[in-house]
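Biologist: I should like a close look at how neighbouring segments of backbone line up in this model. Please carry the account outward from there, as far as the meeting of one chain with another.

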2 protein chains.
Amino acid sequence: MSDPEFNKITPEIYKALKNIVGDKYIFTEKFDLEPYSHDETEDLVFYPEVAVLPASTKDISEIMSLCHENNIPVTTRGGGTGLSGGALPVYGGVILSTERLNRIIEIDTENLMAVVEPGVITHNLHQAAEEKGLFYPVDPASKESCTIGGNIAECAGGPRALKYGVTKDYVYGLTCVLPDGRVFKTGGKLLKNVSGYNLAQLIVGSEGTLCIATEIILKLLPLPTHKRTLLAPFDSLQDAAEALTQIFMKKIIPSAAEFIEQAAIKAAEDKYEKKFPHSDAVALLLFEVDGDREDVLDEQAEKIGEICVEYGAEDVFVADNPEKQEEMWQMRRNIGEAVKSIAIYKEEDTVVPRARLPELVEKISAISKKHGILTISYGHAGDGNIHCNIIKKDISDEDWNEKLPKVIEELFREVVILGGSISGEHGIGWVQKNYLPIALSKVELELMKKIKEVFDPKGILNPGKLLPDL
Amino acid sequence: MSDPEFNKITPEIYKALKNIVGDKYIFTEKFDLEPYSHDETEDLVFYPEVAVLPASTKDISEIMSLCHENNIPVTTRGGGTGLSGGALPVYGGVILSTERLNRIIEIDTENLMAVVEPGVITHNLHQAAEEKGLFYPVDPASKESCTIGGNIAECAGGPRALKYGVTKDYVYGLTCVLPDGRVFKTGGKLLKNVSGYNLAQLIVGSEGTLCIATEIILKLLPLPTHKRTLLAPFDSLQDAAEALTQIFMKKIIPSAAEFIEQAAIKAAEDKYEKKFPHSDAVALLLFEVDGDREDVLDEQAEKIGEICVEYGAEDVFVADNPEKQEEMWQMRRNIGEAVKSIAIYKEEDTVVPRARLPELVEKISAISKKHGILTISYGHAGDGNIHCNIIKKDISDEDWNEKLPKVIEELFREVVILGGSISGEHGIGWVQKNYLPIALSKVELELMKKIKEVFDPKGILNPGKLLPDL
């Protein structure tokens with residue numbers, strides 16, 4: 001996939017694209033292309049030559065057929081909330097935005113399945129399911145603006161992944177367009193299906209590099225009616241991690257178990273000029289349990305509280321009504337923005353086996369000290385998935401440019417030594433791809449490259465992503 | 001993959017194989033090879049030239065390297081309980097049995113993961129996990145003799161799949177040997193991981209055609225301590241199916257919801273010369289709910305009972321102690337054997353969206369009548385996964401040979417019209433492969449063929465399986 005030689009969009013190709021999507025849904029002016037030139041990954045900007053907004057599988061098939069024939073790169077884009085540059089048109093060409101494919105085709109209450117188009121905002125699916133007493137659990141932080149198609153591309157997670165799993169655990173069927181325009185369906189509303197290789201599971205998390213999902217069948221669950229949210233401040237991260245392990249051993253699987261480092265709370269306090277509870281703790285754990293019976297939840301909340309205190313928490317605070325719960329989550333959600341607003345930053349999405357979290361946090365701290373660079377961590381403790389933000393605070397541009405790659409590489413090497421990997425839920429995309437050989441063997445990378453070639457022999461679909469350059 | 005031209009095992013190759021595994025672990029005599037010549041698929045028999053019993057990843061790597069170089073077909077075999085012929089050495093060559101790779105390497109109580117070798121008997125993992133208060137939910141009917149490696153090859157299910165999912169939902173990491181002998185690891189003890197394509201999920205369910213898993217990381221859950229088992233006889237299958245849908249809508253996800261057709265119960269009564277409860281019902285539903293709080297389970301059992309009665313069940317019987325529960329399950333497990341002992345049979349593993357089960361059963365009945373051939377169905381109602389047994393009872397060999405392919409093809413076509421597929425948990429293997437084009441499109445099949453070629457360009461690993469001949 002190195003040095004791809006793509007063609008530019010000629011007036012003829014532009015005209016053909018316009019014929020497919022219609023005058024109103026094709027853009028070439030810089031002003032119109034601006035929204036399609038970046039996602040939420042750092043300050044990266046790449047302009048496409050053209051942005052097209054197809055309305056159907058047929059449109060997408062025709063676009064791909066045209067671009068395939070003419071060797072034009074195509075990058076699919078959902079909500080543009082990605083954190084690894086997956087939707088950036090790094091080789092120009094066409095941005096294919098799924099924003100018009102935004103129909104929730106069906107909430108199937110008999111089979112507990114949803115059928116949706118890729119441009120559906122995740123939160124809209126949450127609401128549509130809830131209206132029928134059902135539940136789509138996957139809840140990335142960007143749920144108000146990210147799309148199901150993007151969630152599938154990245155195999156999105158979120159706090160509830162701990163109990164309910166990630167996007168892959170809900171994808172049961174896909175309609176897809178291949179880079180050459182051919183359309184295929186795989187899977188269905190089937191809880192079990194072993195008729196051939198599981199292409200749907202290969203496509204989930206493939207970051208838009210294999211094909212374009214245009215219709216998606218997702219499993220739904222009954223909607224839990226109640227929850228309890230708990231906040232436990234700890235003086236030691238090791239204690240917090242042990243408490244977490246004990247909670248699992250006591251047969252409680254919380255619907256979330258989030259970790260917030262002191263510096264992250266402080267950052268949120270600074271940004272929002274507001275005092276958060278227990279901001280002097282070394283680490284906060286934020287738990288949620290959900291279910292249908294309040295007595296069971298109270299019992300679970302009590303057990304979690306007891307365990308936390310036993311393992312050194314100063315106290316435990318339980319929110320048993322939606323307002324207080326929202327307040328705790330608000331703090332958690334504010335942290336990302338707050339940390340990122342301190343200075344230029346680079347966010348790494350490290351993941352290790354849950355029990356090795358304290359070691360990971362120690363390693364992060366050691367690497368920070370060694371290089372004299374600020375890092376602030378928070379994330380999904382229950383999944384061992386920590387977002388480590390490397391912050392360019394008081395150091396020069398030169399220092400930053402020199403140190404950053406070293407810090408990242410050391411961090412990733414430590415993660416791999418701990419049995420972990422370099423991305424838990426953000427994906428590899430553009431910004432992590434050349435670190436991938438730290439986590440994956442040559443054999444694995446070779447298999448992945450060949451799988452890419454099976455789907456996309458010309459390499460026109462989301463080029464420059466996921467696979468390392470060399 | 002059509003008409004592969006493989007080589008025979010020469011004395012030199014035999015000697016090299018013996019050097020790898022040792023004198024005691026290589027067999028060539030017909031008597032010794034007999035156990036490796038069949039699985040549980042009908043009465044099919046194929047002898048390998050040689051059976052080898054490696055003890056390590058290294059052994060397997062060396063065997064594959066040797067066979068790859070010499071173009072010798074290799075078929076991996078676990079417990080030999082497969083129902084689609086996946087472990088049959090249809091082109092002779094080497095049977096590679098995983099029986100000596102039977103170590104449970106670790107039950108990791110901190111990360112709730114197990115690390116096992118592929119030859120571990122599924123039930124042994126159940127027990128090892130239970131001893132530590134943990135739970136490996138996947139429970140194929142053959143759990144006492146099937147292996148984790150075989151379960152991964154077939155993506156095995158079982159009754160508990162309804163609440164807990166199938167094998168793929170538990171596989172988080174694999175060490176694998178490629179057909180050319182190269183070894184790679186993918187995944188890990190990581191609940192979230194989006195570092196490259198999800199090779200582990202592609203390998204699960206690939207029926208031993210892509211590579212050989214030699215070490216497996218599986219997710220475990222806390223062990224539920226209590227259960228309730230219920231039996232509900234219905235006069236109409238439609239009523240039974242509606243009751244089932246209502247149960248899900250009332251937010252209960254049973255850990256099992258099995259369906260047994262009257263003829264299946266009768267067959268079990270005949271075989272075991274024993275009267276089963278409610279054997280005069282048109283359909284029986286067998287439910288199980290599990291959890292940690294008996295009051296919650298009693299409440300769920302009561303709700304299920306009420307719904308069943310509301311939707312026409314004559315009565316509902318609850319087993320709340322292990323002996324009575326085992327009795328109900330005994331009946332369910334006996335049915336497979338009983339139905340198969342009536343006469344020569346062909347079992348199809350149809351799967352449809354759950355709510356379309358009554359239509360599927362009606363179609364099966366219509367096809368039986370049309371061709372004057374006996375069918376008996378039972379299976380996992382909650383998953384829409386019905387095992388339809390076509391029985392050669394009173395018809396001639398000629399009639400059977402003529403009618404059987406027609407019946408199967410008609411059945412599969414109806415299944416696909418209902419939004420279903422041709423195998424829910426048994427796999428495609430040898431016996432279903434030429435029906436696969438009924439369920440999958442040309443595009444999908446082409447992608448699968450090319451994926452096979454990525455892993456196994458010479459086509460030596462489990463040749464003749466999964467992919468259709470043409």
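Modeller: Two strands are said to pair if DSSP finds at least two bridges between them. By that rule, strand 1 of chain B pairs with strand 2 of chain B (residues 50–52), in the antiparallel sense and over two bridges. One of the residues concerned is B:I26, whose bridge partner in strand 2 of chain B is B:V52. All of this describes a predicted model.

The pair belongs to an open sheet of four strands in chain B, which has the order 1-2-4-3 and mixed pairing. Strand 1 (26–27) and strand 3 (74–77) of chain B are the edge strands, each pairing on one side only.

Chain A also has an open sheet of four strands, with the order 1-2-4-3 and mixed pairing. Its edges are formed by strand 1 (26–27) and strand 3 (74–77) of chain A; each has a single partner strand, so one side of each is left without a neighbour in the sheet. The parallel part of the pairing can be seen where strand 3 of chain A runs beside strand 4 of chain A (residues 94–97), a match that extends over four bridges. Within this match, A:T75 stands opposite A:I95 of strand 4 of chain A.

The correspondence between the chains can be stated for the copies as a whole. A turn of 180 degrees, with a shift of 0.0 Å along the axis, lays chain A on chain B with an RMSD of 0.0 Å. The two copies are therefore related as by a two-fold rotation axis. They also use the same surface to meet, since 100% of the contact residues of chain A recur in chain B.

At that meeting, chain A and chain B each bring 86 residues to the contact. The area buried between the two chains is about 6900 Å², and carbon and sulfur atoms give 63% of that area. On the side of chain A, the residues A:K192, A:V194 and A:Y197 supply 15% of the area buried against chain B, more than any other three residues.

Charged and polar groups take part as well. The rule finds 10 salt bridges across the interface of chain A and chain B. In one example, B:K192 is joined to A:D383, with the closest N and O atoms 3.1 Å apart. The same interface holds 32 residue pairs in polar contact, counting those with both residues at pLDDT 80 or more. Several elements of chain A give two or more residues to the side that touches chain B, among them strand 9 (183–187), helix 8 (237–249) and helix 10 (294–310). Helix 15 of chain A gives the most to this side, with 10 residues. Sorted by class, the side of chain A that touches chain B comprises 37 nonpolar, 27 polar and 22 charged residues.

Two residues deserve separate attention. A:S236 lies in the loop between strand 12 (226–234) and helix 8 of chain A. Its side chain reaches the backbone nitrogen of A:D239 at 3.0 Å, and a polar atom of the A:S236 side chain lies 3.2 Å from the backbone nitrogen of A:Q238. In space, A:S236 is 9.7 Å from A:Y311, C-alpha to C-alpha, although the two are 75 residues apart in sequence. In chain B, B:Q300 is found in helix 10 (residues 294–310). Beyond its neighbours within four places in sequence, B:Q300 is in contact with B:I252 and B:V289. B:Q300 and B:D290 are 10 residues apart in sequence and 9.5 Å apart in space, again C-alpha to C-alpha.

Salt bridges are also found when the search covers the whole structure, which yields 66 of them over all chains. One of these joins the side chains of A:E414 and A:K363, at 3.8 Å from N to O. A:E414 lies in helix 13 of chain A (residues 397–417) and A:K363 in helix 12 of chain A (residues 357–371), so the pair ties together parts that are 51 residues apart in sequence.

How values were computed: Residues numbered from 1 in each chain as written. Chains lettered and ligands numbered in written order. Predicted model: local features only at pLDDT ≥ 70, side-chain atom pairs only at ≥ 80, totals over all residues. Heavy atoms only, no water. Contact = heavy atoms within 4.5 Å. Buried area = accessible area lost by both parts, 1.4 Å probe. Salt bridge = Lys/Arg side-chain N within 4 Å of Asp/Glu carboxyl O. Polar contact = N/O pair within 3.5 Å; in protein donor to acceptor, adjacent residues only side chain to side chain. Nonpolar A, V, L, I, M, F, W, Y, C, P; charged D, E, K, R; others polar. Least-squares fit on C-alpha atoms with pLDDT ≥ 70 in both.
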